[in-house]
Amino acid sequence: MTAPVTGGAPRCDRAAAPRCDLTAAWAALAGHYQAHGRELQLAEAFTRDARRFETLSFEAPEVFADLSKNLVDIATLRFFAALSDECALAARRDAMLAGDIANPTEGRAVLHTALRAPRGAAAPFNAEVHGVQGAMLAFADGVRARAAAGELTDIVNIGIGGSDLGPAMAVRALEAYRHPALRFHFVSNVDGHDIAPVLARLDARRTLFIVASKTFTTQETMANAAVARAWFTAAASAAPIADHFVGVTTNLAAAAAFGITHTFGFWDWVGGRYSLWGAIGLPIAIAIGSEAFRAFLAGAHAMDRHFAEAPFERNVPMLLGALDVWYRNFHRFTSRCVAPYHQGLARLPAYLQQLEMESNGKSVDLAGNALPFATSPVVWGEPGTNGQHAFFQMLHQGTDVVPVEFIAVRRAAHPYADLHAKLLANCLAQGQALMIGKTAEAAAAEKPPTAAAGIDRNVLARHRQFPGNRPSTTLVLDELTPRALGALIALYEHRVWTSGALWGINSFDQWGVELGKALAGELLPRLDASQPGARLGDTSGLDGSTAGLLRRLTRR
């Protein structure tokens, strides 16, 4: 067993968090929006300023960020910087990175950055982190050696939320670095339709299960783990469970009772959605090996240093976080689309949904006061070019303006240069089309071959015009390497913190998920006769809708 030590209690936050919407800088930003920001026309801005792209593009470790097609100019960024100063953003960032309490409702420090600090760095809990990390990476390399010897063919990660989304996203993204003898499966949904087809494909004697649950009590995870154990025992009765199950947990007693003797622990100052850098990242480490996993951590650490040291005017996570506030609270945009033009990043939008909406989907400030403004946008998306044939119609001509985030990778990991050129051409074209649109006059001058015969030209032109002036950001990676992926994820983490800090909310608790869990626990005995205290079909004390649905679902 490798488990971390809790360590000393974190200090209270040194930097008080002012309500940023009550500052003079917020009022000045609102004035700028009214006088100039809401009327900014992107095509005209590029015509007026031949250097707009150079001025509004920024370099961060492994990531180039083009902000020039956003509804901002240099003056807007200066207002952002003034807001950052008045809200003491830098001091609050430094306090968090130093280990002060940044999650006040749970009394916890927030130190996922410590998980990727190099050995010997002046970072909190450095020796403890590297003790767990070294043991975990040694185990991962041992699993890879077993795979090379033909002993293992499949890895099944059983977790949910942060114990699933991050590892599943990263393993898929780093397919080019994956051990060729191993297949990876991620089971999270308590719906048996998730785990059943996975088990049907496995050879029990050549499968390793990772059960990832901090408390070893997470309902969905433990239900799936019990199914996996029963299946394994039936399929490989002579094989010891301890050789085919490993735990990522701090509950050693529960893991031992389950039959798991090999476990890796983590700390209460690492939230689930920020945990793939530690033991929760075990499937990533098995997939790509210890050396590549350390490169993954190094990329994230490089972005941490950029976040900690770059001035606001060139600090890419902070600029993006401020841009999110600008769009949510001034332009009143309600969602943001993430469109990665790389199939390896297919699960990135799902990962970002948890990272951003679980972090910043809050309605009270740090003091518990109701907020008078909106917080997290809805984050959604799909890989390009698939999205172009699904929802891009709405992005171009719909009634809502949705900022789009394109992610392009300059060099592909496959040999099909013509396909990659087409992919990148589509990525650039979509951002261009969102910005420039098409006037009714230009549409009227065209003769689309699929137009209905006899339709009035002007009527058709109104259907085919695009408003344009729809904002987008483009992030460019040279390659999708472990280091680049680490930097990209860390950029998003710090961006989420920035917008949350400007809103004055706690980005690190998630009380909103608790009520549903509690109610599910109360309903389960009414649906499952095998549960302790079962009362199948009992509707007493339920609201009319839930009672009616329960009767419907339990009728014979």
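In the predicted model, C20 is buried, its relative accessible area being 1%. The sulfur atom of C20 lies 2.1 Å from that of C87, and the two residues form a disulfide. C20 belongs to the segment that precedes α1 (24-35), whereas C87 sits in the loop between α4 (74-86) and α5 (89-98); the bond therefore ties together parts that are 67 residues apart in sequence. C87 also counts as buried, with a relative accessibility of 0%. The count of disulfides comes to one.

Two further cysteines, C337 and C427, were examined for a possible bond. The cysteine sulfur closest to that of C337 belongs to C427 and is 11 Å away. A disulfide requires sulfur atoms within 2.5 Å, so this separation is too far for a bond. Seen from C427, the nearest cysteine sulfur is that of C337, at 11 Å, and C427 is in no disulfide. C337 is buried, with a relative accessible area of 0%. C427 is buried as well, at 3%.

The protein as a whole contains 20 helices and 13 strands. Its 556 residues give a radius of gyration of 25 Å, which agrees with the value near 24 Å that a compact globule of this length would have. The C-alpha trace spans about 75 × 65 × 60 Å along the principal axes.

Contacts between residues at least 6 apart in sequence were also considered; of these, 74% join residues at least 24 apart. The disulfide pair C20 and C87 likewise links parts separated by 67 residues in sequence.

With respect to burial, 51% of the 556 residues count as buried. The accessible surface of the protein amounts to about 23800 Å², and carbon and sulfur atoms account for 55% of this area. Charged side chains comprise 51 positive and 51 negative ones. The centres of the two sets lie 4 Å apart.

Notes: Residues are numbered from 1 along each chain as its sequence is written. This is a predicted model: local features need pLDDT of at least 70, side-chain atom pairs count only at pLDDT 80 or more; totals for chains, interfaces and linings use all residues. Side-chain values use heavy atoms; hydrogens and water are left out. Helices (H or I, at least four residues) and strands (E, at least two) are DSSP runs, numbered from the N terminus. The radius of gyration is taken over C-alpha atoms; the globule rule is 2.2 Å times the number of residues to the power 0.38. Buried means under 20% relative accessible area, exposed over 50%, partly exposed in between (1.4 Å probe, protein chains only). Contact means heavy atoms within 4.5 Å. Accessible areas come from the Shrake-Rupley method with a 1.4 Å probe; for residues, only the protein chains shown count as cover. Lys and Arg count as positive and Asp and Glu as negative; His and the chain ends are not counted. The place of a charge is taken as NZ of Lys, CZ of Arg, CG of Asp or CD of Glu.
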